[in-house]
Amino acid sequence: MISVEEHLESILRQVGPVGTVVLPVPRAHGLVTAGDVVSRADLPRFDNSSMDGYAVSRADLEGVTAEEVRLLPVAGDIAAGDAVPHRLEPGTVWRIMTGAPVPEGADAVVRVEDTDGHPREAQFRVHPEEGANIRRRGEDLRVGDVVVPAGTRLGAPQIAAVVSAGVSEVEVVGPVRVVILSTGDELVPAGAEVGRGQIVDSNGPMLEALVREAGCFPVHVGHLRDDEGATRKEIRRHLETADAVITTGGVSKGEFDLVKKVLTGEGTMEFVEVAMQPGKPQGFGVLGRRKVPVFTLPGNPVSTLVSFEVFVRPALAARADRRASEGTATGFATTSWPSAKGRRTYTRVRLSPDSAGGYAVEPAGGSGSHLLGGLAMADALAISDEDTEEVLAGSEVELLLLRPRREIDARLTAETEALTSGDEGEDTDGSGTGKHRE
């Protein structure tokens with residue numbers, strides 16, 4: 001067997017970014033910029049008011065205080081979106097709304113709260129600072145400034161900044177299009193009637209969700225029959241359009257493990273046994289004229305999930321030219337559980353808060369790689385090394401998170417608050433103290 005690190009390094013040596021494309025900015029969400037994106041406009045585009053109030057000349061309010069107020073006539077209103085040029089004449093003011101262009105001749109905006117708010121003749125109680133409540137043209141960005149640098153993954157804030165800067169299209173890496181194929185005549189699609197000896201294909205929908213969570217795009221989720229010719233034809237067909245292919249099942253030593261039979265000797269394909277549990281049988285290579293990465297994962301659902309997290313997710317990040325997310329943490333075991341000596345073991349675990357503010361860790365469900373009930377409850381995979389035969393209660397364990405940390409922490413906070421609230425409300429001995437009877 002080879003180590004987890006050796007197999008991952010072999011994969012990453014062969015995986016490079018997909019080509020770049022130019023896309024409308026909204027469609028580039030989640031993709032990585034291939035070059036610096038520069039502003040095509042000044043931001044703000046014009047001097048505008050940051051408050052509802054009055055555009056004024058400071059000279060007209062010299063000496064004004066809360067005790068020494070002054071009345072000035074209002075020339076009119078300027079609303080946001082007003083395209084008519086306005087000029088401020090000495091001894092007058094303009095009533096102005098947030099975001100509206102500041103009239104020529106005004107050097108400050110007085111908040112409506114510092115006046116009586118009158119629409120025709122307003123009473124002023126302050127002498128404003130120079131430029132008060134005015135957003136100056138270009139104070140955020142100037143034409144030619146870098147809005148987002150090359151290598152930036154475009155999230156919602158970046159998209160807002162880019163479109164505001166007058167950019168309609170961007171050059172990005174990707175998108176990474178992934179084909180997912182489950183194998184086995186025993187599989188039926190979700191929602192179909194399940195006959196004797198058949199099971200629902202859970203790997204396909206699970207991998208589709210995992211691929212989306214990894215920021216890539218599942219373009220086909222299908223099924224490979226236990227037929228060598230059909231399997232070969234289906235895989236080759238997708239090599240013409242996909243940026244990655246993932247298969248599940250058919251990679252062990254059984255007579256009907258056809259994926260291994262069909263792909264052995266193709267491209268750089270290698271089938272190996274990795275010192276890990278679950279997920280020992282693994283296959284990977286780049287195939288076809290487009291050198292498409294092909295991952296052949298074991299078929300048991302937990303093995304599929306672990307294989308994706310350990311090998312496929314980092315490779316898809318490299319394919320998309322972005323850093324793999326660091327979904328790791330540590331915690332302390334609340335109980336003991338077995339570990340496979342000689343293999344790196346990934347145990348499904350549930351997390352709860354510990355007394356020190358960290359994570360308390362306990363197994364979720366059984367250890368079989370076919371068991372799905374515990375998988376649904378798992379927050380993370382606890383990793384134990386090859387020399388460990390038993391994870392001892394109280395020991396520190398490394399965690400590979402299966403949910404976003406913020407989601408886990410939010411659940412733990414809610415559970416803690418619920419327990420605290422329940423304890424405060426209990427009065428089990430009738431004493432009115434809210435405490436349990438000894």
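Two strands count as paired if DSSP finds at least two bridges between them. The exercises below use this definition on a predicted model.

**Exercise 1.** Which residue in β26 is the bridge partner of Thr347? Describe how β26 sits among its neighbours.

*Solution.*
Step 1. Locate the strands: β24 covers residues 344–353, and β26 covers residues 380–384.
Step 2. Look across from Thr347: its bridge partner in β26 is Ala382. Five bridges join β24 to β26, and the two strands run antiparallel.
Step 3. Turn to strand β28, residues 396–401, which is joined to β26 by four bridges and also runs antiparallel to β26. Here Leu381 has Leu400 of β28 as its bridge partner.
Step 4. Check the side chains. Ala380, Ala382 and Ser384 point one way from β26, while Leu381 and Ile383 point the other way.
Step 5. Apply the cut-off: a residue is buried when its relative accessible area is under 20%. Five of the five residues of β26 are buried, so the strand is largely enclosed by the rest of the structure.

**Exercise 2.** What is the strand order in the open sheet that contains β1, β12 and β2? Find its edges.

*Solution.*
Step 1. The open sheet has three strands in the order β1-β12-β2, with antiparallel pairing.
Step 2. β1 (20–24) and β2 (32–33) each have a single partner strand and stand at the edges, so one side of each is left without a neighbour in the sheet.
Step 3. Follow one pairing in detail. β1 and β12 (residues 169–173) pair over five bridges in the antiparallel sense. Within this pairing, Thr20 has Val173 of β12 as its bridge partner.

**Exercise 3.** Locate two cis peptide bonds and two residues with positive phi.

*Solution.*
Step 1. Recall the usual case: most residues other than glycine have a negative phi, and most peptide bonds are trans.
Step 2. The peptide bond from Gly174 to Pro175 is cis, with omega near 5°. Pro175 lies in the loop between β12 and β13 (177–183).
Step 3. Another cis peptide bond joins Gln277 and Pro278, with omega about -5°. Pro278 belongs to the loop between β19 (276–277) and β20 (281–287).
Step 4. Asn133 has a positive phi, near 60°. Asn133 is in the loop between β9 (121–124) and β10 (134–135), and is partly exposed, with a relative accessible area of 23%.
Step 5. Lys291 also has a positive phi, near 50°. Lys291 is in the loop between β20 and β21 (292–297). With a relative accessible area of 57%, Lys291 is exposed.

**Exercise 4.** Is the chain spread out or compact when set against the globule rule? Describe the chain as a whole.

*Solution.*
Step 1. Count the elements: the chain has eight helices and 28 strands.
Step 2. Compare the radii. The radius of gyration is 32 Å, well over the 22 Å that the globule rule gives for 438 residues, so the chain is more spread out than a compact globule.
Step 3. Add the dimensions: along the principal axes, the C-alpha atoms fill a box of roughly 95 × 75 × 45 Å.
Step 4. Consider burial and contacts. Of the 438 residues, 44% are buried. Among contacts with a separation of 6 or more, 72% are between residues 24 or more positions apart.
Step 5. Finish with surface and charge. The accessible surface is about 22000 Å², and carbon and sulfur atoms hold 50% of it. There are 46 positive and 67 negative side chains, and the centres of the two sets are 7 Å apart.

Definitions and conventions
Residues are numbered from 1 along each chain as its sequence is written. This is a predicted model: local features need pLDDT of at least 70, side-chain atom pairs count only at pLDDT 80 or more; totals for chains, interfaces and linings use all residues. Side-chain values use heavy atoms; hydrogens and water are left out. The radius of gyration is taken over C-alpha atoms; the globule rule is 2.2 Å times the number of residues to the power 0.38. Buried means under 20% relative accessible area, exposed over 50%, partly exposed in between (1.4 Å probe, protein chains only). Contact means heavy atoms within 4.5 Å. Accessible areas come from the Shrake-Rupley method with a 1.4 Å probe; for residues, only the protein chains shown count as cover. Lys and Arg count as positive and Asp and Glu as negative; His and the chain ends are not counted. The place of a charge is taken as NZ of Lys, CZ of Arg, CG of Asp or CD of Glu.
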